Amino acid sequence: MTGARPVDIATLHTRDFIRRHAAPPAAILEIGGGEGDLASALGQDGYRVTMIDSAPDAIAAARNKGVDAHVATWPDFALAPVDVALFTRSLHHMHDLDTALAAARDVMTANGLLLVEDFAFEEADDATINALAGLARTIVGDRRLEGSSFLKDLLAANDPIEVWRAPADHEIHAISEIERSASRFFDGISIEFAPYFYRYLIPVLPQTGESMALVKEAFDLEARLIGDRRIIAIGRRIIGRR
């Protein structure tokens, strides 16, 4: 990790989650690894990481970081048994959850571990939406944001709740569906709650140390709101055993 990019905060957050549940040199298959920031960091920790993603440009970027990365769509990927099947914000996109999770179980060693990082936007109540929109306004201030994004639409809206609850352009699975499917194929399912909204700042801020500090501030504020029970945590982690 460079220590100077907004994405490093999110990478560190996910990295800590994995390290709490699996120790190196565990063999990890990361499904939906993007440009390989997390896989690279885990490799530096001593994990044996194989990563797949369906985007060729992302895989090229991951390989440039030294990651064993492959262009593939899950579950159409053959691999020797691994200790951990890791879905990093990708499982909600899978067309057939049962097929995806059954394949994850089948690629694991006998005592394999399922780790899922995802979100529960549909569970946010009005108070949570308004609080997170206010958090974003505080962090962003009058800064110019890059590109187009859900966050920019949220900040520009007179009614953040309407923007938040607008139908998505593509179908995704709710966290309740993901949890039910995981419980069909894995034992000892447990759920963790975590910040997630701060991640929407990452693609719209310039890749600078100042932006990294802003994302860290947003993470800390969101975590504090969750800890004080002022908002519903929209970040969810699922842990299960084969």
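This report describes the sheet, the aromatic rings and one loop residue of a predicted model.

**The sheet and its central strands**

The model contains an open sheet of seven strands, whose order is 3-2-1-4-5-7-6 and whose pairing is mixed. At its edges are strand 3 (68–71) and strand 6, each of which pairs on one side only. On average, and with direction ignored, neighbouring strands of this sheet are turned by 15° against each other. In general, the strands of a sheet pair through backbone hydrogen bonds, and they can do so in either a parallel or an antiparallel way.

Strand 5 (residues 108–119) is a good place to see both kinds of pairing. With strand 4 (residues 82–88) it runs parallel, and six bridges join the two; one example is Phe87, whose bridge partner in strand 5 is Val116. With strand 7 (residues 235–241) strand 5 runs antiparallel, and here seven bridges join the two strands. Along this antiparallel pairing, Leu114 stands opposite Gly240 of strand 7, while Glu117 stands opposite Arg237 of strand 7. Arg237 also lies over the face of Phe17, at 4.5 Å from the ring centre.

Is strand 5 largely enclosed or open? Nine of its 12 residues are buried, so the rest of the structure largely encloses this strand. Strand 5 also belongs to a right-handed β-α-β unit, which is made of strand 4, helix 4 (residues 97–106) and strand 5.

**A residue in the connecting loop**

Asp96 has its place in the loop between strand 4 and helix 4. Because its relative accessible area is 38%, Asp96 counts as partly exposed. Its side chain reaches the backbone nitrogen of Asp98 at 3.1 Å. By contrast, Asp96 and Ala194 are 98 residues apart in sequence, and their C-alpha atoms are 25 Å apart in space.

**Aromatic rings**

A pair of aromatic rings is described by two values, the distance of the centres and the angle of the planes. The count in this model comes to 12 aromatic pairs, and the table gives two that share Tyr200.

| Pair | Centre to centre | Angle between planes | Kind |
|---|---|---|---|
| Phe150 and Tyr200 | 5.3 Å | 65° | edge-to-face |
| Phe197 and Tyr200 | 6.2 Å | 35° | tilted |

The pair of Phe150 and Tyr200 links distant parts of the chain, since Phe150 is in helix 6 (residues 150–156), whereas Tyr200 is in the loop between strand 6 (187–194) and helix 9 (209–227), 50 residues apart.

Which of these rings belong to residues that are buried, and which to residues that are partly exposed? Phe150 has a relative accessibility of 22% and therefore counts as partly exposed, and Tyr200 is also partly exposed because its value is 23%. The cut-off for buried is under 20% relative accessible area, so Phe197, with 2%, is buried.

These three residues are part of a cluster, in which ring pairs link Phe119, Phe121, Phe150, Trp164, Tyr196, Phe197 and Tyr200. One member of the cluster, Phe119, comes from strand 5, whose residues are 108–119. Through this residue the two topics of the report meet, since the largely enclosed strand 5 contributes a ring to the aromatic cluster.

How values were computed:
Residues numbered from 1 in each chain as written. Predicted model: local features only at pLDDT ≥ 70, side-chain atom pairs only at ≥ 80, totals over all residues. Heavy atoms only, no water. Buried < 20%, exposed > 50% of the residue type's maximum accessible area, 1.4 Å probe, protein only. Helix = DSSP H or I, 4+ residues; strand = E, 2+ residues; numbered from the N terminus. Pairing = 2+ DSSP bridges. Right-handed = clockwise from strand over helix to strand, strands pointing away. Phe/Tyr/Trp six-rings, centres within 6.5 Å; stacked < 30°, edge-to-face > 60°. Lys NZ or Arg CZ within 6 Å of the ring centre and 35° of its normal. Polar contact = N/O pair within 3.5 Å; in protein donor to acceptor, adjacent residues only side chain to side chain. Axes fitted to C-alpha atoms, helices over the stretch in contact; angles between N-to-C directions.
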